[in-house]
Each structure stands twice: as C-alpha cells, then as structure tokens.
Amino acid sequence: MNNRRKLLLAAAAWPALAWTGAVRAQAPAKVRRIGLLSSFSPSDTALWHQAFRQGLRDRGWVEGKNISIEYRYAEGSSDRLPDLATELVRLKVDIIVTAVTTDALVAKNATRAIPIVMAAASDPVATGLVESLARPGGNITGLSQMSPQLAGKRLELLKEIVPKLSRVAVLWNPQRASSTLTWKELQFPARQLGIQLHSLEVRSPDDLDKAFEDATRARAGALVITGDPVIVTNLRRIAGLAAKSRLPSIFQITEFADSGGLVSYGPDRSDMYRRAATYVDKILKGAKPGELPIEQPTKFEMVINMKTAKALGIKIPQSILVQTTRVIE
C-alpha cells in the first residue's frame, strides 16, 4: 500500500513538474547590455557602429533580441564624456565600448569593474590605458589604430605628392594625449625628410579660422591633421579651409577625403569596429579583458580626392595612385 501511494503521488506530481520544466526551458535568455561611448556624433560614427553591430550579429548577438545597446555621444564636446560614462556605469551595463583614446581614458576613470573594449585607441600603452599590448591587465582591452606611428607615413605621402615640400603645418590639440603623441612622433620623420613643422594648436572649433590664417602667414606648403574629436566633428569645415588656403592636406580616416580633403590614409575604421565585436563576444562568454591581447590594424585605406587635386593644381604621382584603395573623381 505504501508503495502504491507513493506511485500515485508521483504520478499526480508529474504534470506539475513537467509544466515547470517547460516554463524554465521557454524562459527568455538574459539580455546583455552594452554601453557605446563615443566622443563623436551619430553621423560621424554611423558606418563604424553599423560594422560593430554586424560583427555582433555574426557571433549570434542581435540588438533587440539578446543584447541591448546604450548609445552615448559627446558630439565633439569631450567635457561631456565624464557624465556620459557615469551614466553608463549607473545603468550597470555589462561592457563599455569606446571609440578612441579620449573616451577610453574617461571610461577607465569611471569604472575599474566593468570591462572596457577600445575600438580604435591611438597608443594605449603610451597613454597609460594598459600595461602592455600582450597583457593589458585591469579591465581594458581592444584594438590600437597606431595613430602616432603612422603619422610619419602620412608625412612621407605628402612629400611624395609635393616633392618640393619644405614646410608643413600640423593641426593638433595639446589637450589630448593621442594628439600630443602624434605631434611628438612627427618630429623625427620631418627631420629625415628635410621638412620644417609648424604647430597649429586647436582646442575647440573656434580656433580653426585663426589656425589656418597662421598657416598662411607661415607659408606652409601642406597640412597634416592629427586625430581628435574636435577635428573629426568638423572635417567638412577643415577640408574647406584647407582648400581655401590652397593646402594639400592629409588625415587618417576616409571621411576626410569624402569631405573634400586631398588624401586620407589609415586603418579601416569599420573593420576595427567589426573586430571589436569579437572582444565583446569573448568577454560576454566569460573571458577576462585584462588577459585578451590588444590587436593592431590589419586593413588600411588610402583615398585620393582627384577633384581637390585638380583644384590645387596637383598631379598625383602614379606611385601614389597604385597604393590607393579608392579614388574620388
């Protein structure tokens, strides 16, 4: 009788247990929250963020399904970044993804607990973001775009385009670590090429007109532009001022040539954001950011704006044209 009673009780309980198991099986997976912190504006980063979302989708992370993304844009006003970073920390996001060195440094100051993935930092070791590329340590990892190291290459390209070039104006922001590093990095290749550099310090958009007037007075023959949020959010204006001043100019992202600048040369930023999604995937699956080595660019882009070259009366050498990934006619 006792055994029969136990069997009857078990049979009665089985539907409830089966229903509970089914409910658990159907329970939605936890939605992970990603904070995307950017010094730039939504329009500046649209293609980059699209590539980032595609990289996530390739790894099974779909916005609105198993991840949500909190977008925070400083729109070129870096003084807004601390509040935006604090807001993401308060929201308890699982990961913060940053664009460049400026916002990565702000994110690091805001949290030592939430993992941070850099999509395109300039030199994370020299700027104090990480201990080393091989073992970043702490809560930060991601990709370095090698901005300071590539500055000399951009100067060489200008010299090849304008062989008689002897004086180059450099647009940079002394308030930014990455921009300062690039200015310093330019000194040696400039000496090697026999080029005198003329400093144009720009801390805000209000400094741009004066900077170009200064370049004209200094009789600069060309312009090198360093990476900075103030510059990226004003690319079209800078390209216009360079054209008005008749300065052959070069910058690191393709949007500059698209905006009317003469040349852009640097890492494929969309590819770097796509690769940043790999770091996010690994961290969401349990990897520690401080143990994930920082990677460098593998794809580079050179874009020449032939309309601008024609307006400046410059004939682009064949040696340059064969290196281009795109030509704007």
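In this predicted model, helix 5 and helix 6 cross in a right-handed sense. Helix 5 covers residues 147-161 and helix 6 covers residues 177-193, and their axes sit 8 Å apart at an angle of about 40°. That angle falls outside the ranges for parallel, antiparallel or perpendicular packing, so helix 5 and helix 6 count as oblique to each other. On the helix 5 side, the residues that meet helix 6 include Ala 151, Gly 152, Leu 155 and Lys 159, and among their partners in helix 6 are Leu 181, Glu 185, Leu 186 and Leu 193. Sorted by class, this contact holds eight nonpolar, four polar and three charged residues.

Helix 3 (residues 81-90) and helix 4 (residues 101-110) make another such pair, with axes that come within 9 Å and cross at roughly 50°. They are therefore oblique too, and the crossing of helix 3 with helix 4 is right-handed. Here Leu 81, Pro 82, Ala 85 and Val 89 from helix 3 meet Thr 102, Asp 103, Val 106, Ala 107 and Ala 110 from helix 4. The tally for this contact is seven nonpolar residues, one polar and one charged.

As for the interior, the largest nonpolar core is built from 49 residues, and Phe 52, Leu 56, Leu 171, Leu 223 and Val 280 have the most contacts inside it. The top contributor to this core is helix 11 (residues 269-284), which supplies eight residues. Leu 171 gives a feel for the packing: beyond its neighbours within four places in sequence, its contacts include Leu 200, Val 202, Phe 212, Leu 223, Ile 231 and Ile 238. A second core, separate from that one, has 29 residues, among them Leu 158, Leu 197, Ile 250 and Ile 320.

Note on methods: Residues are numbered from 1 along each chain as its sequence is written. This is a predicted model: local features need pLDDT of at least 70, side-chain atom pairs count only at pLDDT 80 or more; totals for chains, interfaces and linings use all residues. Side-chain values use heavy atoms; hydrogens and water are left out. A nonpolar core is a set of buried Ala, Val, Leu, Ile, Met, Phe, Trp, Tyr and Cys residues joined through side-chain atoms within 4.5 Å. Buried means under 20% relative accessible area, exposed over 50%, partly exposed in between (1.4 Å probe, protein chains only). Helices (H or I, at least four residues) and strands (E, at least two) are DSSP runs, numbered from the N terminus. Contact means heavy atoms within 4.5 Å. Axes are lines fitted to C-alpha atoms, for helices over the stretch in contact, and angles run from 0 to 180 degrees between N-to-C directions. Angles under 35 degrees count as roughly parallel, over 145 as roughly antiparallel, 65 to 115 as roughly perpendicular and the rest as oblique. A crossing is left-handed if the near helix is turned anticlockwise from the far one by less than a right angle, and right-handed if clockwise. Ala, Val, Leu, Ile, Met, Phe, Trp, Tyr, Cys and Pro count as nonpolar, Asp, Glu, Lys and Arg as charged, and the others, Gly among them, as polar.
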